[in-house]
Amino acid sequence: MLCSSHSLFGAAVTITLPPCLRFPPHSVAIANSTSSLIRLRPLRSTTSSSDSPQVPAMASKDSQVQDPRIAGISSAIRIIPDFPKPGIMFQDITTLLLDTKAFKDTIDLFVERYRDQNISVVAGVEARGFIFGPPIALAIGAKFVPMRKPKKLPGEVISEEYSLEYGTDKIEMHVGAVQAGERALVIDDLIATGGTLNAAIKLLERVGVNVVECACVIELPELKGREKLGGRSLFVLVEGEGA
């Protein structure tokens, strides 16, 4: 582990710490404007395939140093208690969008991870995946494919049904939007129970697309959405409490 510091006169000093002096990552709690807490942990990734991107040193859940941009992103997310119904802690990313530095840092962290992964498709899940997906796609040279709720796309569509707490829903994309063999990133703002992301993955894989990874700004780990993804790789920036 290397630690670099600068003296008052600008001279750099590099210190090599022995293994016994290395420190594990810590969880930090930051209060937002509603006095609710967002739990900060190192960026998390679960990887199930050799095709999945290599995680930069500062972006691994086992990393000893958390990227300093994460604290700013986390503190910019507002939590609204009891919305849209009692007992729900709503993760409001509109305040993140108002903070230009935090918003840019969010996009940059994803771009840094995926720019060299030969990804040709960024598939954004309706609706907030449409906010984060397009700037990531432009930055890495990929096309953006919207994955929409039923009867929102005007052309011929292919759909995938998934289960809700009460009933079912569908996610759709245009026929011909992607081609077999393309490499795709699926993006959304948040993973809760994982049903929508899983449907998006299945829809892409049905037409022969290789889903490299799913990426979300926020994860609600107590809802165990990762388990719905069937071992597929998931990358998130921050963890929050949903209930």
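This passage describes the fold, cores, helix packing and selected residues of a predicted model.

The chain has 243 residues, and buried residues make up 42% of them. Five helices and 14 strands were assigned. Among contacts in the chain with a separation of 6 or more, 60% are between residues 24 or more positions apart.

Nonpolar side chains were examined next. In soluble globular proteins, such side chains tend to be buried together. The largest nonpolar core in the model has 29 residues. Those with the most contacts inside this core are I73, L96, F110, Y114, I140, V217 and L237. Both helices and strands contribute. Helices α1 (69-75), α3 (100-114) and α4 (129-140) each give two or more residues to the core. So much is also true of strands β12 (183-191), β13 (210-219) and β14 (234-239). Helix α3 gives the most, with six residues. A second, separate core has 26 residues. This second core includes M173, V178, L203 and L204.

F110 illustrates the packing in the largest core. Leaving aside residues up to four places away in sequence, F110 touches I136, I187, A215, C216, V217, F235 and L237. F110 also takes part in the contact between α3 and α4.

The axes of α3 and α4 come within 9 Å of each other. They cross at roughly 50°. The two helices are therefore oblique to each other. Their crossing is right-handed. On the α3 side, the contact is made by F103, T106, I107, F110, V111 and Y114. On the α4 side, the residues are I131, F132, P135, I136, A139 and I140. Y114 and I140 are thus named twice: they belong to this helix contact, and they are listed among the residues with the most contacts inside the largest core.

The cysteines were then considered. The structure holds zero disulfides. C214 is in no disulfide, and the nearest cysteine sulfur, that of C216, is 6.9 Å away. For C216, the closest cysteine sulfur is in C214, and the 6.9 Å between them is too far for a bond. A disulfide would need the sulfur atoms within 2.5 Å. C214 counts as buried because its relative accessibility is 0%. C216 also has 0% relative accessibility and counts as buried. C216 is one of the residues touched by F110.

Two strand residues show how separate parts of the chain meet. The first topic is S159, found in strand β10 (residues 157-163). At 24% relative accessibility, S159 counts as partly exposed. S159 and A199 are 40 residues apart along the chain, and their C-alpha atoms are separated by 8.9 Å. Not counting residues up to four places away in sequence, S159 touches K170, I171, E172, L203 and R206. Of these contacts, L203 is included in the second core.

The other topic is F144, found in strand β9 (residues 143-147). Its relative accessibility is 25%, so F144 counts as partly exposed. P134 lies 10 residues from F144 along the chain, with 5.8 Å between the two C-alpha atoms. P134 is also touched by F144. The further contacts of F144, again without residues up to four places away in sequence, are V122, A123, G124, G129, F130, G133 and A137.

Several loops carry notable backbone geometry. A cis peptide bond joins F83 and P84, with omega about 5°. P84 is placed in the loop between β6 (78-81) and β7 (89-92). The peptide bond from E126 to A127 is cis as well, with omega near 5°. A127 is found in the loop between β8 (121-125) and α4.

Positive phi values occur at two lysines. K151 is not a glycine, yet has a positive phi of about 65°. K151 lies in the loop between β9 and β10. At 82% relative accessibility, K151 counts as exposed. K224, likewise not a glycine, has a positive phi of about 60°. The loop that holds K224 is between β13 and β14.

Terms used. Residues are numbered from 1 along each chain as its sequence is written. This is a predicted model: local features need pLDDT of at least 70, side-chain atom pairs count only at pLDDT 80 or more; totals for chains, interfaces and linings use all residues. Side-chain values use heavy atoms; hydrogens and water are left out. Buried means under 20% relative accessible area, exposed over 50%, partly exposed in between (1.4 Å probe, protein chains only). Helices (H or I, at least four residues) and strands (E, at least two) are DSSP runs, numbered from the N terminus. Contact means heavy atoms within 4.5 Å. A nonpolar core is a set of buried Ala, Val, Leu, Ile, Met, Phe, Trp, Tyr and Cys residues joined through side-chain atoms within 4.5 Å. Axes are lines fitted to C-alpha atoms, for helices over the stretch in contact, and angles run from 0 to 180 degrees between N-to-C directions. Angles under 35 degrees count as roughly parallel, over 145 as roughly antiparallel, 65 to 115 as roughly perpendicular and the rest as oblique. A crossing is left-handed if the near helix is turned anticlockwise from the far one by less than a right angle, and right-handed if clockwise.
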